[in-house]
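Here is a friendly walk through this model, written for someone who likes geometry with the picture open alongside. Let us begin with how some of the helices pack.

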Amino acid sequence: MESHREPSSVMKEKRTDALRANDDSWIARNGGLVATHIAVLLFGLVGLFAKVVALPAIILVLGRTFFSSAFLGAYLAVKRQRFALATRSDYVLIVAAGIILAIHWTSFMQSIQVSTVAVGTLTLATFPLFSAVLEPLLFHEKMRFSDIVCALVMLGGVACIIDDFSFDGTMTQGVLWGLLSAFTYALLSLANRRFSSGYPASLVSFYEQATATVVLLPALFVLKPAFSAFDIGMLAVMGIVFTAIAHTLFIGGLRTVKVRTAGIITGLESVYGVVAALLFLGEVPGVRELVGGGIILAVALYSTLASTRSN
């Protein structure tokens, strides 16, 4: 009787092809999550610039948006990307999003400058509380109880870290600026969800950040800051790597990741920020910071795994 077994080399090739197909399938299903996580890692390191570069928060953001929008504009031009938007209402909305972006980043930098990197990044992590309520209302979706629970648990993690709620202290000022940053971040992410299905992420980022640059430009003539070569170099790095690339990845991820899920993942930004502040600035976290960061990390991991199963 003849053997109908395939040669071992053929069987190995088939197994390899099957594994490769499974890998490709996983990447296709979860590429948005991967992009979101990389973007959040880069976002988490931005807070360091608020401490390292001795410039007012609004000037930091102006430099950030200037270099980012210039880089994105050049990138789109090289790719011969069409710059025109489809409707007049899209222009109005994207300009509004750019103004919100300017407020969001300025309040975030201000929060860190008046307090610490940990306070700024961790209060920003309350963003899911706002998006969990706003997203179902604006997009006519059912509000999920699990999203509310995750956001509240994450807020509990923030409460563990912040131990000074007196209104006359720098800690409270940092919290209030951080909450403003979180609220505007929720609004911005919802606007980006509206754009992510119809335009390339890089084009959305370009318009928003170019708008923010124009809005913030008067501050340059009012404050008249003195720039060193180091300052300009840091602003360029922050604008290109930690803004243009990171922001494009994040908006692109929203094509397949809901804002509420992305908001939970954004909680990792605070963990990255606390760790980076420890390594580069010597801001040593206490037990409360470690406990709160652990809660935030656990919720972000849970939300990511739940989104993966759903996809």
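In this predicted model, helix H7 (residues 170–196) packs against helix H10 (residues 229–253) at an angle of about 65°, and their axes are 9 Å apart. That makes H7 roughly perpendicular to H10, because angles of 65 to 115 degrees count as roughly perpendicular. The crossing in which H7 passes H10 is right-handed.

H10 has another partner to look at. Helix H8 (residues 201–216) and H10 cross at roughly 125°, and their axes come within 8 Å. H8 and H10 are therefore oblique to each other. Here too you can check the hand on screen: H8 passes H10 in a right-handed crossing.

The two pairs sit side by side in this table.

| Helix pair | Angle between axes | Axis separation |
|---|---|---|
| H7 and H10 | about 65° | 9 Å |
| H8 and H10 | roughly 125° | within 8 Å |

While you have H10 in view, look for Met238, which is placed in that helix. Is Met238 buried or exposed? Met238 is buried, with a relative accessible area of 0%; the cut-off for buried is under 20%. Met238 also links up with a distant part of the sequence: its C-alpha atom is separated by 9.5 Å from that of Val61, although the two residues are 177 residues apart along the chain.

A similar long-range pair involves Ala74, a residue of helix H2. Ala74 and Phe206 are 132 residues apart in sequence, while their C-alpha atoms are 9.9 Å apart in space. Ala74 is partly exposed, with a relative accessible area of 42%.

Now zoom out to the whole chain. How many helices and strands does the chain have? The secondary structure comes to 13 helices and zero strands, so the order of elements from the N terminus reads α-α-α-α-α-α-α-α-α-α-α-α-α, with helices and strands taken as DSSP runs. Of the 311 residues of the chain, 47% count as buried.

The loops offer a couple of backbone details worth checking. Arg80 has a phi near 55°, a positive value in a residue other than glycine. Arg80 is placed in the loop between helix H2 (57–78) and helix H3 (88–114), and this arginine is exposed, with a relative accessible area of 77%. Lys224 shows a positive phi as well, near 45°, and is again a residue other than glycine. Where is Lys224? Lys224 lies in the loop between helix H9 (218–223) and H10. Lys224 is exposed, with a relative accessible area of 66%.

Finally, turn to the surface. Val52, Phe230, Val275, Leu278, Leu279, Phe280, Leu281 and Val284 make a nonpolar surface patch of about 770 Å². Which helix gives the largest share of the nonpolar patch? Helix H12 (residues 268–281) does, with five residues. Val52, another member of the patch, lies in helix H1 (residues 8–52). Val52 is partly exposed, with a relative accessible area of 41%, so this valine passes the patch cut-off of over 30% relative accessible area.

Terms used:
Residues numbered from 1 in each chain as written. Predicted model: local features only at pLDDT ≥ 70, side-chain atom pairs only at ≥ 80, totals over all residues. Heavy atoms only, no water. Patch = residues over 30% accessible without salt bridge, like charges linked within 9 Å, V, L, I, M, F, W, Y side chains within 5 Å. Areas by Shrake-Rupley, 256 points an atom, 1.4 Å probe, with all protein chains shown as cover. Salt bridge = Lys/Arg side-chain N within 4 Å of Asp/Glu carboxyl O. Helix = DSSP H or I, 4+ residues; strand = E, 2+ residues; numbered from the N terminus. Buried < 20%, exposed > 50% of the residue type's maximum accessible area, 1.4 Å probe, protein only. Axes fitted to C-alpha atoms, helices over the stretch in contact; angles between N-to-C directions. Parallel < 35°, antiparallel > 145°, perpendicular 65-115°, else oblique. Left-handed = near helix turned anticlockwise from the far one by under 90°.
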